[in-house]
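I opened this notebook to record what I looked up in the structure. The entries follow the order in which I made them.

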2 protein chains.
Amino acid sequence: MPTKEQDFGEWYNETVDKADLCDKRYPIKGMNVWTPYGWKIMSQIDSFLRREMEATEHDEVCFPLLIPESEFKKEKDHIKGFDEEVYWVTHAGLNPLDIRLVLRPTSETAMYPMFSLWVRSHQDLPLKTFQIVNTFRYETKQTRAFMRVREIHFFESHTCHVDQEDAEKQVAEDVEIVDAVCKELCLPYSLLIRTDWDKFPGAYYTVGIDTVMPNGRTLQIGSAHYYSTNFSKPYNITYETESGEHVYAHQTTLGMTERLLGAVIGVHADDTGLKLPPAIAPQQIVIIPIFKKDNADQVIGVCRDVAKQLKAAGIRVKVDERNDRPGSKFFDWEIKGVPLRFEIGGKDIENGVVTFARRDNGEKGTIGMDSLVEGSKMVLDMISKDMLEAAKAKQQGFVDDVPCMDAVDSIPEGRIVRLGWCGCPECGHKFEDKYDIKILGTPYKAENWVGKCSVCGKDGAKPAYAARTL
Amino acid sequence: MPTKEQDFGEWYNETVDKADLCDKRYPIKGMNVWTPYGWKIMSQIDSFLRREMEATEHDEVCFPLLIPESEFKKEKDHIKGFDEEVYWVTHAGLNPLDIRLVLRPTSETAMYPMFSLWVRSHQDLPLKTFQIVNTFRYETKQTRAFMRVREIHFFESHTCHVDQEDAEKQVAEDVEIVDAVCKELCLPYSLLIRTDWDKFPGAYYTVGIDTVMPNGRTLQIGSAHYYSTNFSKPYNITYETESGEHVYAHQTTLGMTERLLGAVIGVHADDTGLKLPPAIAPQQIVIIPIFKKDNADQVIGVCRDVAKQLKAAGIRVKVDERNDRPGSKFFDWEIKGVPLRFEIGGKDIENGVVTFARRDNGEKGTIGMDSLVEGSKMVLDMISKDMLEAAKAKQQGFVDDVPCMDAVDSIPEGRIVRLGWCGCPECGHKFEDKYDIKILGTPYKAENWVGKCSVCGKDGAKPAYAARTL
């Protein structure tokens with residue numbers, strides 16, 4: 001098996017396999033089976049999304065998977081964006097359908113005909129909804145578990161607002177939601193307003209949420225969109241203002257997928273296996289009893305008691321009582337990425353401590369039996385903090401500034417480029433074409449940067465980031 | 001709007017609409033939108049299924065929606081059973097697919113090719129998995145929200161075992177799981193082994209789980225199946241025994257759907273609206289402040305404080321502070337089926353009590369402020385118990401015994417018939433054809449009954465139940 005350094009792609013695929021996060025042998029390419037361990041982690045990630053949605057008063061809904069062709073085709077840019085990558089249901093039972101049905105690639109065209117019925121008056125706004133469902137895209141590029149698949153585990157929030165101002169406040173709230181979730185995953189990310197030619201089909205603008213893989217390629221882990229009235233017009237989502245006018249609603253969406261899990265693997269795992277952030281680890285602590293023949297019962301008894309105390313405090317913990325050598329157990333749980341390992345042997349019991357080993361950095365130490373819960377929580381918190389900091393440091397190291405276009409020549413593969421960009425599409429395309437590199441966008445939150453366009457040399461350019469994407 | 005008594009079907013549809021459990025205006029017949037209130041109740045039901053699965057060591061998985069035609073057609077009876085009711089994906093993007101894909105109507109044919117890879121040795125058994133997913137059936141009969149839909153919210157557990165004995169123990173465990181879930185829903189049910197011509201396509205036998213609607217028709221709310229080796233043979237699910245033989249695994253499944261919610265509506269709701277069992281009510285208690293101008297702040301303050309105490313004890317509670325008359329608020333929450341209403345006014349505060357009204361039977365009473373949590377839990381428990389008892393009493397009243405076939409003639413519509421059946425298909429078909437009534441099956445748990453076959457008169461017949469189904 002190649003190392004993460006040598007061949008990220010191969011390493012990634014093998015890491016997913018050996019941790020048993022999904023089974024790729026399902027007989028349709030790009031549609032994998034969620035095995036119990038992977039699904040537990042994803043469900044935990046979903047629970048954070050639900051927590052944030054509840055805190056911001058979004059209602060969970062669940063819309064049908066199938067969308068009639070007639071509804072699907074109402075917004076012109078949207079259908080153009082998805083025309084080549086949707087699956088079509090054409091038959092039911094033994095007969096052809098009168099109207100073909102599309103498997104949702106995303107749910108705008110399923111939801112908005114209903115929003116048109118739900119939104120009547122300004123009192124119905126803001127309408128804030130979300131769902132977590134399966135969506136489908138016929139990927140023609142090479143598929144990769146959790147990163148590029150054909151059946152997607154999809155979180156999508158959809159909102160309607162009285163005007164642009166209120167809608168853009170929603171985008172700002174979305175950014176806070178993303179921040180809260182990424183913190184749980186110890187994932188650094190950047191927020192970039194995508195170029196006009198790279199925005200979501202039908203959006204007014206798109207804020208891309210990117211993280212950086214160890215090979216210097218960026219991975220989009222989500223996106224927030226302001227739609228303006230681009231969809232509310234074709235789908236006729238209007239409301240009556242206080243003064244009795246009928247006006248179109250302004251809309252936003254936020255989308256995230258199982259790529260969040262893919263990013264966790266790509267950013268944190270090492271050549272040994274996964275490193276799971278404590279917040280999403282199915283087991284946060286694994287306890288390995290270290291015993292000889294004469295003290296087995298005592299040691300296992302203490303291990304179970306420790307587990308019981310931790311469980312009562314809401315920590316996810318497992319005692320590995322399998323009949324196997326400790327070293328072999330260590331190895332198994334390192335592959336699975338359990339953040340914290342406790343070893344408890346006769347000596348530890350004598351000393352009134354548990355010995356711990358951190359998965360993130362290998363550090364060892366002890367926690368007193370008299371402060372088990374408190375001590376465990378403290379170490380788990382430290383692991384989270386350190387994992388985020390380590391990832392941040394690594395990702396920041398990838399960025400190079402380029403004062404002018406020719407300077408790109410001297411930048412090696414696998415780097416992220418910060419250039420000056422006057423904002424005109426011509427300069428953007430020229431840059432992208434020359435270096436076969438994608439402009440990811442301009443910062444959503446203003447950066448302290450002034451300079452010239454790296455392409456045309458004009459003053460007053462904004463910073464833009466460019467990179468190869470995974 | 002007709003009453004429940006007058007026209008069950010119309011009443012049911014209207015009750016679903018006015019409680020806003022789903023939106024039926026989606027542009028595909030039989031595919032409804034789960035609105036927030038309905039989805040919250042369903043998610044709560046799902047959480048009970050997950051709790052029972054965890055307690056019985058089933059692992060949650062998630063398999064792809066799409067199944068290649070080649071895999072789907074491996075078990076002959078199964079495909080015959082579903083041939084006329086599956087949706088086919090034939091195109092992706094702008095091109096036809098090489099192999100047509102079916103939207104799962106149930107997941108045997110998606111899972112079992114993988115089980116064939118997962119099960120190797122007797123040590124891999126039992127394999128116990130489940131998933132909660134969307135499945136699809138092209139219903140040609142009239143659709144009805146939660147009861148007969150084309151996109152189904154589906155719970156399915158799938159297990160593999162060393163032999164028939166272990167598999168049938170699983171069916172017995174399934175029955176316990178069903179019992180635990182139905183208790184939360186205050187739903188009486190019966191367990192009947194279906195006739196051979198009515199079992200699940202591919203099953204060795206099927207245990208149908210039925211409840212009775214107020215019009216005397218039965219509704220299947222779930223089913224457990226013993227498959228024997230009917231699927232493990234075509235899908236080649238074998239394991240190596242301790243002695244080195246390779247033998248086929250024995251399989252079982254348990255399936256339940258959103259019909260559980262449909263049953264809750266049909267069994268418990270009345271002409272005013274829903275009556276939700278406390279375990280699944282999004283709000284278990286609604287607090288209505290009763291105030292005059294001069295004590296509004298005080299009353300609302302007390303209501304909020306009461307809510308805070310109840311919330312801290314894990315009770316789902318809401319204070320209705322809307323600017324509206326109390327009577328109008330009562331009405332809204334009765335439609336929504338909130339099990340318990342608290343009214344708190346100046347007098348209640350003086351007396352140190354809250355006044356309550358039960359949704360299930362309209363009874364009123366008071367709970368002392370000093371035993372708020374305890375008292376509330378007690379009343380909620382009583383509601384659950386009384387709802388189950390009331391439903392049981394009602395359902396048992398529907399059954400009539402028929403000593404011989406002609407006696408059926410004198411039984412009016414909307415009754416459930418207990419007949420004696422020798423078990424031969426001829427007698428069964430003769431009975432069903434003559435009365436246009438379905439034999440639901442013979443009791444899964446033996447009943448204290450001996451008699452003659454109501455059709456042929458032979459001795460040693462078993463009891464069987466027959467009814468019209470919804």
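The entries below concern a predicted model.

**Entry 1: relation of the copies**

I began by asking which rotation superposes chain A on chain B. I found a rotation of 180°, with 0.0 Å of shift along its axis and an RMSD of 0.0 Å. The two copies are thus related as by a two-fold rotation axis. I then looked up which C-alpha of chain A is nearest the axis, and it is that of Val89(A), 2.1 Å from it.

**Entry 2: the contact surface**

I next asked how many residues each chain brings to the contact. Chain A gives 48 residues and chain B gives 48 residues. Of the interface residues of chain A, 100% are also interface residues in chain B, so the copies meet through the same surface.

I noted the area buried between chain A and chain B as about 4100 Å². Carbon and sulfur atoms give 68% of this area.

I then turned to specific pairs across the interface. How many salt bridges does the rule find between chain A and chain B? I recorded 0 salt bridges across this interface. For polar contacts, the rule finds 18 residue pairs between the two chains, both residues being at pLDDT 80 or more.

I listed the elements that give two or more residues to the side of chain A that touches chain B; among them are helix 2 (36-55), strand 5 (87-92), strand 6 (95-103), helix 5 (108-118) and strand 7 (127-136) of chain A. Strand 5 of chain A gives the most to this side, with 6 residues. By class, I recorded 31 nonpolar, 6 polar and 11 charged residues on the side of chain A that touches chain B.

**Entry 3: strand pairing between the chains**

I followed strand 5 further. In what sense do strand 5 of chain A and strand 5 of chain B pair? The two strands pair in the antiparallel sense over 5 bridges, and the strand of chain B covers residues 87-92. I noted one position in particular: Tyr87(A) stands opposite Ala92(B) in strand 5 of chain B.

**Entry 4: a sheet of chain B**

I looked up an open sheet of 11 strands in chain B. Its order is 3-7-8-14-11-10-9-22-23-21-20, with mixed pairing. The edge strands are strand 3 (59-60) and strand 20 (399-402) of chain B, and each pairs on one side only.

At the edge formed by strand 3 of chain B, I recorded 2 bridges to strand 7 (residues 127-136) of chain B, and these two strands run parallel. Asp59(B) stands opposite Thr129(B) in strand 7 of chain B.

**Entry 5: backbone geometry**

I closed with the backbone. Most residues other than glycine have a negative phi, and most peptide bonds are trans.

In chain A, I found a cis peptide bond joining Leu125(A) and Pro126(A), with omega about -5°. Pro126(A) has its place in the loop between helix 5 and strand 7 of chain A. In chain B, a cis peptide bond joins Leu125(B) and Pro126(B), with omega about -5°. I located Pro126(B) in the loop between helix 5 (108-118) and strand 7 of chain B.

I also noted that phi of Glu57(B) is near 60°, a positive value in a residue other than glycine. Glu57(B) lies in the loop between helix 2 (36-55) and strand 3 of chain B.

Note on methods
Residues are numbered from 1 along each chain as its sequence is written. Chains are lettered from A and ligands numbered from 1 in the order in which they are written. This is a predicted model: local features need pLDDT of at least 70, side-chain atom pairs count only at pLDDT 80 or more; totals for chains, interfaces and linings use all residues. Side-chain values use heavy atoms; hydrogens and water are left out. Copies are superposed by least squares on the C-alpha atoms of residues with pLDDT of at least 70 in both. Contact means heavy atoms within 4.5 Å. Buried area is the accessible area (1.4 Å probe) that two parts lose on being put together, summed over both. A salt bridge is a side-chain nitrogen of Lys or Arg within 4 Å of a carboxyl oxygen of Asp or Glu. A polar contact is a pair of N or O atoms within 3.5 Å; within protein, one must be able to donate a hydrogen and the other to accept it, and residues adjacent in sequence count only if both atoms are side-chain atoms. Helices (H or I, at least four residues) and strands (E, at least two) are DSSP runs, numbered from the N terminus. Ala, Val, Leu, Ile, Met, Phe, Trp, Tyr, Cys and Pro count as nonpolar, Asp, Glu, Lys and Arg as charged, and the others, Gly among them, as polar. Two strands pair if DSSP finds at least two bridges between them.
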